[in-house]
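Take the sequence and the model together and follow the chain from its overall form down to single residues. The paragraphs below are meant to be read with the structure in view.

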Amino acid sequence: MPNDIAGFGLDYKVRLEFGPGRVAALGELAAGIAAPGRPLLLISDRGVAGTGLVDEVAAALRASGHAVTTVAELAGEPHDVDVDRHAALVRSERPGLVVALGGGSALDLAKLAASVGNGRAGAAAYALGARPLPSSVPVVAVPTTAGTGAEITRTAVFSAGGRKLWAWGPELRPALAVLDPELTVGLPKPLTVACGLDALVHGIEAATGQRRTPLSEAYGLRAVGLGFEHLPVLAHRPKDLAARGGMLLAACLAGLAIDLAGTGLAHAVGHALGTVRGVAHGPAVALGLTACLGWNVAGAPDRYRELARALGLAEAADASSYDLARALERRWRGLVGSAGAGLVQVAHTLDPDRDRRALGAALRAPENQPMVQANARPVDETDLDGLLDRLFDLRAGLP
Ligand SMILES: [Zn+2]
């Protein structure tokens, strides 16, 4: 056992169903959770509705004999007003079950609405753990992307007052996650890559951070191994069902890992980029990791040793932790380069003169402190300025 890991525990129930075509069983699964006679509320977003999948899932749910109300209005990432509008629907419909269908944004929205709708306050009142969340209507989460792991975590991210915030509590964990790789096959390549990189960042940060445990390490290492294996395949063959299944598992395992150990500096940077420049979560955290991985590795190489081994980088015989960690860093840069993540273009939207102060303030804001403090390498004030320099340097290309 690494000598920097103290005691740890595990006390929760996770229920999931995995497999191609599993979504067809949703009616049966819903009937096993919702009380007889209570309606079901299906929450999704406009993008998913446009593919016809919302209608398909609603039909599968109606086979349970329950009435189904559908709402698929969300566009982009959720704000507190979106949550409050959906929570009002939970109050008026009194559903026996909320079915969350979509990417991380739709899942977070549904998770929050199912809990907030059981109380009187608006979503913003629960931000950053300001007060305990109300008990939740049971949620069945059906992800259509492989990225955030929201189908399994106790966290939900939303914006309020121009800041990217989060809520946390056991109330937010879905009662059941249904992972059907067929639902992710039609996802466009840029979104596939962006979501997949987010999952990889989760695995890397949860396996190496200050709050890691042997369990977060186990989930994180396996998630990273699956991600490095399957994401490059999807970058060239987006309809490969086996690779889609591999990434869906990677995202779920990485979700379990961050649920135990949190994330790190790449996520603090990602949330700051979301707050200041509206950069979407996947590219934002991938850019964040690209800016901070070399610095992390240089200061805490031992923490990356197992990760490098899990990727088969240990063949360099008696390589030192530092060599292994550097090999891991090269592997990451190779992946973001070859997968066509477009990170340099994202970096180009940044302007040091305009954005440095706001990004610095966002990195130091209370909502980002848990991520900064959980980072693999301890971070102090001056480190954040150096980090911003490296972030702006990425405009010139990946190192
Ligand atoms: Zn993330």
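What follows goes from the whole protein to its domains, its cores, the metal site and a few individual residues.

The model is a predicted one. Its secondary structure amounts to 16 helices and 8 strands. The radius of gyration is 20 Å, close to the 21 Å that the globule rule gives for 399 residues, so the protein is as compact as a globular protein of that length. Measured out along the principal axes, the C-alpha trace spans about 65 × 45 × 40 Å. Of the 399 residues, 58% count as buried. Contacts across the sequence are also worth a look: among those between residues at least 6 apart, 78% join residues at least 24 apart.

The domain assignment divides the protein into domain 1 (15-184) and domain 2 (189-396). Taken over C-alpha atoms, the centres of domain 1 and domain 2 are separated by 26 Å. Domain 1 puts 27 residues into the contact, and domain 2 puts in 26 residues.

The interior comes next. In soluble globular proteins, nonpolar side chains tend to be buried together. In this model the largest nonpolar core has 77 residues, and those with the most contacts inside it are Leu197, Leu273, Tyr304, Trp332 and Leu391. Helix α10 (residues 281-299) supplies the largest share of this core, 10 residues. Where does this core lie with respect to domain 1 and domain 2? Both domain 1 (15-184) and domain 2 (189-396) give residues to this core, so it lies between them.

Tyr304 shows what such a core residue touches. Not counting residues up to four places away in sequence, Tyr304 touches Ile204, Thr208, Leu293, Asn296, Val297, Ala325, Leu328 and Ala376. A second, separate core has 31 residues, including Val137, Ala150, Ala156 and Leu172.

The metal site can be read from its donors. Asp198 (OD), His202 (NE2), His267 (NE2) and His281 (NE2) coordinate the zinc ion at 2.1 Å. Along the chain these donors follow the spacing D-x3-H-x64-H-x13-H. Two of the donors form a pair that links distant parts of the chain: His267 belongs to helix α9 (residues 265-277) and His281 to helix α10, with their positions 14 residues apart. Are these two histidines buried or exposed? His267 has a relative accessible area of 3% and is therefore buried. His281 is buried as well, at 15%. Why is the arrangement around the zinc ion irregular? The 4 donor atoms subtend angles of 89 to 165 degrees, which makes it irregular; a tetrahedral site would need all angles to lie between 85 and 135 degrees.

Helix α10 also holds Ala284. With a relative accessibility of 0%, Ala284 counts as buried. Beyond its neighbours within four places in sequence, Ala284 is in contact with Gly270, Leu273 and Val279. Leu273 has already appeared among the residues with the most contacts inside the largest nonpolar core. The C-alpha atom of Ala284 is separated by 9.2 Å from that of Ala347, which is 63 residues apart from it along the chain.

Leu313 is a buried residue outside the helices. It is found in the loop between α11 (305-310) and α12 (321-338), and its relative accessible area of 18% falls under the 20% limit, so Leu313 is buried. Setting aside neighbours within four places in sequence, Leu313 is in contact with Ala308, Leu324, Ala327, Leu328 and Arg331. Leu328 is also one of the residues that Tyr304 touches. Between Leu313 and Arg331, 18 residues apart along the chain, the C-alpha separation is 9.2 Å.

The backbone has two residues to note. Most residues other than glycine have a negative phi. Arg94, however, has a positive phi near 45 degrees. Arg94 is found in the loop between α4 (80-93) and β4 (97-102) and is exposed, with a relative accessible area of 54%. For Leu128, phi is also positive, near 55 degrees. Leu128 lies in the loop between α5 (104-116) and β5 (139-143) and is partly exposed, at 28% relative accessible area.

Notes: Residues numbered from 1 in each chain as written. Predicted model: local features only at pLDDT ≥ 70, side-chain atom pairs only at ≥ 80, totals over all residues. Heavy atoms only, no water. Core = buried A, V, L, I, M, F, W, Y, C linked by side-chain atoms within 4.5 Å. Buried < 20%, exposed > 50% of the residue type's maximum accessible area, 1.4 Å probe, protein only. Helix = DSSP H or I, 4+ residues; strand = E, 2+ residues; numbered from the N terminus. Domains from an automatic or database assignment. Contact = heavy atoms within 4.5 Å. Donors = N, O, S within 2.8 Å, 3.2 Å for Na, K, Ca; no water. Tetrahedral: all angles 85-135°; square planar, octahedral: opposite > 155°, others 65-115°. Rg over C-alpha atoms; globule rule 2.2 N^0.38 Å.
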